[in-house]
Each structure stands twice: as structure tokens, then as C-alpha cells.
Amino acid sequence: MSLLEARDVGFAYRGASAPVLSDVSVAITEGRSTALVGESGAGKTTLLRLLLGLARPTSGAVLFDGVDVRSAGRAFRRSVQTVFQDPYSSLDPRQRVGRIVSEPLRSLGLPGDRGAAVAAALDAVGLPADVVDRYPHEFSGGQRQRIAIARAIVCEPRVLLADEPVSALDVSTRVRIVDLLAELRETRGLTLVMVSHDLAVVATLCAHTAVLERGRIVEQGETASVLGAPSHPYTRRLVSAVPRLPTLG
Ligand SMILES: Nc1ncnc2c1ncn2[C@@H]1O[C@H](COP(=O)(O)OP(=O)(O)OP(=O)(O)O)[C@@H](O)[C@H]1O
């Protein structure tokens with residue numbers, strides 16, 4: 001059974017004349033990381049919000065372990081965590097890192113040694129335990145994204161939904177955060193569901209890719225075939241729009 005699934009989902013924003021998503025079906029199985037790609041405005045972030053249970057589909061359903069996410073409760077909130085694009089705005093500047101990272105443990109009311117769980121999460125993202133007493137403004141963009149990832153994994157989720165997790169970072173930091181996400185995927189068995197415009201990042205992190213064009217899935221399957229030998233003209237355009245460096249010499 002799918003871990004997380006959008007089944008025939010349609011969605012329209014209140015007051016909008018046209019739907020943003022139509023008949024979208026995506027099944028996330030455990031261990032199979034999935035990328036959502038498509039041009040700006042295709043509906044990727046909206047689909048991610050529906051998968052997170054932050055909005056209700058106008059038609060169809062979003063299911064976690066076969067249960068509607070809107071009624072799936074604590075098991076769902078613990079199992080599905082998220083990382084956003086902008087590490088500058090996603091961390092509360094007034095809170096120390098220790099409090100930020102432990103927030104899911106508090107809001108889920110999980111028992112156990114919270115200090116130890118926070119230290120383990122920070123260690124997993126490559127940050128020393130003593131950062132707990134510092135504030136977000138004391139860190140670089142890449143370090144802040146590590147803090148956001150530590151917060152997302154502290155309650156040991158099964159799925160990490162990430163909306164453009166590296167696009168706000170400079171190129172070398174981007175590579176290091178992609179490496180970190182790949183490592184977490186391997187060592188923790190985390191299933192990534194990721195929105196990215198960067199097809200190289202998609203190919204590195206996700207074995208499965210779904211292509212959205214104006215709110216509809218036009219193609220989905222193994223990333224190697226979707227991006228390597230696209231069958232839909234829209235996917236071909238997306239792939240051919242990736243700039244290539246001129247070959248030297
Ligand atoms: N809160 C909102 N109210 C009304 N319309 C919205 C809202 N959020 C997004 N939209 C519209 O829904 C459509 C899909 O937006 P969405 O952000 O899901 O696309 P996207 O594929 O993630 O785009 P991008 O890559 O630019 O982030 C767009 O036309 C957008 O203008």
C-alpha cells in the first residue's frame with residue numbers, strides 16, 4: 001500500500017475561476033523518493049500543501065496509510081515532516097536553535113529525553129550539539145537549512161516533504177545540502193517528496209518523478225526514463241530548457 005497518496009485530486013483556490021489541480025494521482029511508496037516538477041505555477045506547491053494536509057482537496061482524497069490525512073491525526077503529523085525553501089524565513093529569529101529543533105517533539109507531546117533527541121538530530125545534519133544556545137541569525141544559509149532539516153527529522157518521520165529545499169542557497173552549499181539529504185535518505189530510510197526546478201537535484205535525489213503541467217500530471221515514472229527519454233512534449237521542453245555548458249576544446 002502507498003504510504004502517502006493523492007487520489008484523483010482536484011483543487012481550486014477560493015474565488016478562483018479555474019482549478020489549480022485536476023485529477024492528480026500520485027502514490028508515494030515507502031523508500032521511493034519522488035520529485036514533483038513543472039513550470040512555475042503548475043501547482044507543485046499546492047499539491048505539496050494538500051499532501052501535508054494543510055488544505056483540503058476540492059475533489060478526490062489525500063490518504064496516509066490508507067486514511068484521509070485530515071483525520072489521520074498524530075501518526076500522520078509525526079510521520080510526515082517538511083522543509084521549506086527559505087531557511088531565512090522558516091526559522092523563528094526569537095528562538096534559540098534548541099527550542100526550534102525540539103518544537104515537533106513538544107507539539108506532538110512525544111515522551112523521552114528531548115535534549116538527547118535534539119543532539120542526535122543536530123549530529124545527523126552535521127552540526128555540533130552546542131549550537132542549541134544560539135539564534136538563527138548567527139548561522140549561514142546552509143547552516144540554517146541544516147537546522148530546518150534537524151527540526152524536520154527530530155521526531156523520526158518516514159516522509160520528508162521538501163519545497164525547493166536548496167534553491168535559496170549558493171551552488172557549493174546546494175551540493176552539500178543535496179549530499180546531506182541523500183545521506184538521510186539512505187541512513188534513515190527517509191522517503192523524500194520534493195519540489196524542485198533543478199533537474200540535476202531531482203535526478204540525484206529521487207528515483208521517481210511526476211511532471212505537472214497546468215495542474216495535471218502529464219507523465220510520471222522512473223526519473224531515469226522520465227527525464228532521460230521523456231515521452232510527453234511538455235517534459236521534453238522542460239528537459240531541453242536546462243542550460244548546458246558549452247563543451248570546451
Ligand atoms: N493562496 C492562493 N490563492 C490563490 N491562488 C493561488 C494561491 N497560491 C497559489 N495560487 C495560484 O495557484 C497556481 C499554482 O501555484 P503553485 O504555487 O502551486 O505553483 P508552483 O508549481 O509551485 O509554482 P512555483 O514553481 O512558481 O512555486 C498559480 O496560478 C498560483 O497563482
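Is A75 buried, partly exposed or exposed? Select it and take a look before reading on. With a relative accessibility of 48%, A75 counts as partly exposed, because the buried class ends under 20% and the exposed class begins over 50%. Keep in mind throughout that this is a predicted model.

**Stop 1: from A75 to D65**

A75 belongs to helix α2, which covers residues 73-79. Now add D65 to your selection and draw a C-alpha to C-alpha distance: the two residues lie 9.7 Å apart in space, with a separation of ten residues in sequence.

D65 sits in the loop between β4 and β5. Check its backbone torsions: phi is positive, about 50°, although D65 is not a glycine. Its relative accessible area is 34%, so D65 is partly exposed.

**Stop 2: the open sheet**

From that loop, colour the strands on either side. β4 takes in residues 59-64, and it pairs with β5 in the antiparallel sense over two bridges. To find the register, pick L63, which stands opposite D68 in β5.

Widen the view and you will see an open sheet of four strands, ordered β2-β1-β4-β5, with antiparallel pairing. At its edges are β2 (21-28) and β5 (67-68), each of which pairs on one side only.

**Stop 3: the ligand**

Next, centre on the ligand. Which residues surround it? Select Y13, V20, E39, S40, G41, A42, G43, K44, T45, T46 and H197 to show the shell. By class, this shell contains three nonpolar, six polar and two charged residues.

Three side chains are worth labelling here, each for a polar atom beside a ligand oxygen:

- S40 places a polar side-chain atom 2.5 Å from an oxygen atom of the ligand.
- T45 has a side-chain N or O atom 2.8 Å from a ligand oxygen.
- H197 has a polar side-chain atom 3.3 Å from an oxygen of the ligand.

If you turn on a surface, here is the number to go with it: the ligand taken alone exposes 630 Å², and the protein buries 54% of that.

**Stop 4: strand β9**

Select residues 208-213, strand β9. Six of its six residues are buried, so the strand is largely enclosed by the rest of the structure. Show the side chains and look along the strand: H208, A210 and L212 point one way, while T209, V211 and E213 point the other way. This fits a general pattern, in which the side chains of a regular strand alternate between the two faces of the sheet.

Now bring in the partners of β9. Strand β3 (residues 34-37) pairs with β9 in the parallel sense over four bridges, and T34 stands opposite H208. Strand β10 (residues 216-222) runs antiparallel to β9 and is joined to it by six bridges. A useful pair to label is A210 and its bridge partner in β10, Q220.

The β9 and β10 hairpin has two residues between the strands, and R214 there takes a positive phi near 40°.

**Stop 5: zoom in on H208**

Stay in β9 and select H208. Its relative accessible area is 6%, so H208 is buried. What does H208 touch, leaving aside residues up to four places away in sequence? The list is R32, S33, T34, A35, Q220, G221, E222 and T223. Among these, G221 deserves a distance label: its backbone oxygen lies 3.4 Å from a polar atom of the H208 side chain.

**Stop 6: helix α3**

Move on to helix α3, residues 97-107, and highlight its buried residues: V97, G98, I100, V101, S102, P104 and L105. To see what they pack against, show β6 (80-83), α4 (114-124) and α5 (141-153). Then step past the helix to G109, which follows α3 and has a positive phi near 65°.

**Last stop: E164**

Finish with E164, in the loop between β7 (159-163) and α6 (171-188). Its phi is positive, near 50°, in a residue other than glycine. Where D65 is partly exposed, E164 counts as buried, with 6% relative accessibility. Display the two together to set one loop beside the other: D65 between β4 and β5, E164 between β7 and α6.

Conventions
Residues are numbered from 1 along each chain as its sequence is written. This is a predicted model: local features need pLDDT of at least 70, side-chain atom pairs count only at pLDDT 80 or more; totals for chains, interfaces and linings use all residues. Side-chain values use heavy atoms; hydrogens and water are left out. A residue is near a molecule or strand if one of its heavy atoms lies within 4 Å of it. A polar contact is a pair of N or O atoms within 3.5 Å; within protein, one must be able to donate a hydrogen and the other to accept it, and residues adjacent in sequence count only if both atoms are side-chain atoms. Accessible areas come from the Shrake-Rupley method with a 1.4 Å probe; for residues, only the protein chains shown count as cover. Ala, Val, Leu, Ile, Met, Phe, Trp, Tyr, Cys and Pro count as nonpolar, Asp, Glu, Lys and Arg as charged, and the others, Gly among them, as polar. Buried means under 20% relative accessible area, exposed over 50%, partly exposed in between (1.4 Å probe, protein chains only). Contact means heavy atoms within 4.5 Å. Two strands pair if DSSP finds at least two bridges between them.
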